[in-house]
Amino acid sequence: MRTVKATAAAVSVALAAGAVGVAAGRYASDAALKAPPGRPLPTEPRLTVHATAAGQITLTRDLASLRPGTYGLAGDGSHAVVGPVIDTAPHSADTVVRRLERVTHGTLHPRDKVWLTPNIHIGNPSAALGLDHADIDIPGELGSLPAWFVPGARSTWVIAVHGLATTRELALNVMEFLHRNRFPVLAPAYRGDLGAPRNPDGLNHLGETEWRDLDAAIRYAVRYGAEHVVVYGWSTGATMALRAAAHSGMRDRVSGLVLDSPVLDWETTLRALATARHTPGALLPLAVRAAQGRTGLHGDRIAEAADPARLRVPTLIFHGPDDTVAPWSLSRRLAARRPDLITLQPVARAPHGAMWNADPATYEEILRRFLTPLM
């Protein structure tokens, strides 16, 4: 009798432990599968506002607040734009002073919690940049996809696709540059974005199903006059670009790719985001299995899209060693295997999806040189 009771107790403990493991795996996988657009990834630290003055803001001293370049500074109900660190400004040992370019909306007060974001613009192309644009709807697989279209004189369109934790407002960072170079620009939302349909399971598939919305955008561009398209993707948007270039029925119209911080291995990215949520290392395999079970994600599909042998068009990759979400070693490996088609531009001290922010002028000059033959 005692043996039976002991066995039953052991089984109950094992079942309970299994249930806890499953729940922990689901929670850890949420860091990637439920990353809300416009909110910080778990790798992005919260900073405290210590003070503001004319053209200056004092923030918690952190590797993030010391980054070079220009960033959005987002809080709950506020958005501002901050420029470079001002080394000569008085500050304590645990703070850093940056140039405060503007407050877009809301107000900044001492003790406010904020985070750096690559999005320096809020709103649409007309409101944020003064560019004429049209709000359009693209027929997608799951329903209508809202998009911005900024007209241009060229027959090559640029389709700009954001990635993890951002919105199509990210494309505004380079839209003025693209408009100045007379490219028509299409910036679509895709499944899971505000105003767009959701995946049936309500989860982010890290580009594996979302790429079909990009395919719909390419078809729309061709239908309305694009002879060729350059697909410009950030993060999982870069994953989508690779998938579309490999599988779209309109892939012959894709003349080039621009990939910023591409996610080339979803398991590595999921593990990085789960780790940033303080998931114990022993539970990371459970997070991967949970993601596979919840979404049907399989690494072979993304790996196949990033297969160097499948790449057929000139590709520019912006990436850097400080990206903790999508390791740049994978971009280096890809570029090394196709030096005939791939140009890799390293960017130091820039977080995931924010290569432009670290040095906008240099970024845009490299982008101009790449796009010139594709015009």
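Start by selecting glutamate 267, which sits in helix 6, the stretch covering residues 266–276. Keep in mind as you look around that this is a predicted model. Is glutamate 267 buried, partly exposed or exposed? Its relative accessibility is 26%, so glutamate 267 counts as partly exposed, since that class lies between the 20% limit for buried and the 50% limit for exposed.

Next, show the surroundings of glutamate 267. Leaving aside residues up to four places away in sequence, glutamate 267 touches Val288 and Gln292. Then add threonine 239 to the selection and draw a line from C-alpha to C-alpha: glutamate 267 and threonine 239 are 13 Å apart in space and 28 residues apart in sequence.

Now for the aromatic rings. How many aromatic pairs does the structure hold? There are four. One of them joins tyrosine 220 and tyrosine 224, so select those two. Their ring centres are 4.5 Å apart and the planes make an angle of 35 degrees, a tilted arrangement, because the tilted class takes in angles that are neither under 30 degrees nor over 60. Switch on the surface and look at each partner in turn: tyrosine 220 counts as buried because its relative accessibility is 11%, whereas tyrosine 224, at 52%, counts as exposed.

Move on to tyrosine 232 and tryptophan 234, which also form an aromatic pair. Here the centres lie 4.5 Å apart and the angle between the planes is 20 degrees, and the pair is stacked. What about cover at this stop? Tyrosine 232 has a relative accessible area of 1% and is therefore buried; tryptophan 234 is buried too, with 3%.

Finally, zoom out and colour by secondary structure. The protein has eleven helices and 14 strands. Its C-alpha trace spans about 85 × 60 × 40 Å along the principal axes. The radius of gyration is 22 Å, which agrees with the value near 21 Å for a compact globule of 375 residues. Among contacts with a separation of 6 or more, 74% link residues 24 or more positions apart.

With the surface still on, note that 53% of the 375 residues count as buried. The accessible surface comes to about 16000 Å², and carbon and sulfur atoms account for 54% of that area. As a last selection, pick out the charged side chains: 39 are positive and 34 negative, and the centres of the two sets are 5 Å apart.

Key. Residues are numbered from 1 along each chain as its sequence is written. This is a predicted model: local features need pLDDT of at least 70, side-chain atom pairs count only at pLDDT 80 or more; totals for chains, interfaces and linings use all residues. Side-chain values use heavy atoms; hydrogens and water are left out. Helices (H or I, at least four residues) and strands (E, at least two) are DSSP runs, numbered from the N terminus. The radius of gyration is taken over C-alpha atoms; the globule rule is 2.2 Å times the number of residues to the power 0.38. Buried means under 20% relative accessible area, exposed over 50%, partly exposed in between (1.4 Å probe, protein chains only). Contact means heavy atoms within 4.5 Å. Accessible areas come from the Shrake-Rupley method with a 1.4 Å probe; for residues, only the protein chains shown count as cover. Lys and Arg count as positive and Asp and Glu as negative; His and the chain ends are not counted. The place of a charge is taken as NZ of Lys, CZ of Arg, CG of Asp or CD of Glu. Rings of Phe, Tyr and Trp (its six-membered ring) pair if their centres lie within 6.5 Å; planes under 30 degrees apart count as stacked, over 60 as edge-to-face and the rest as tilted.
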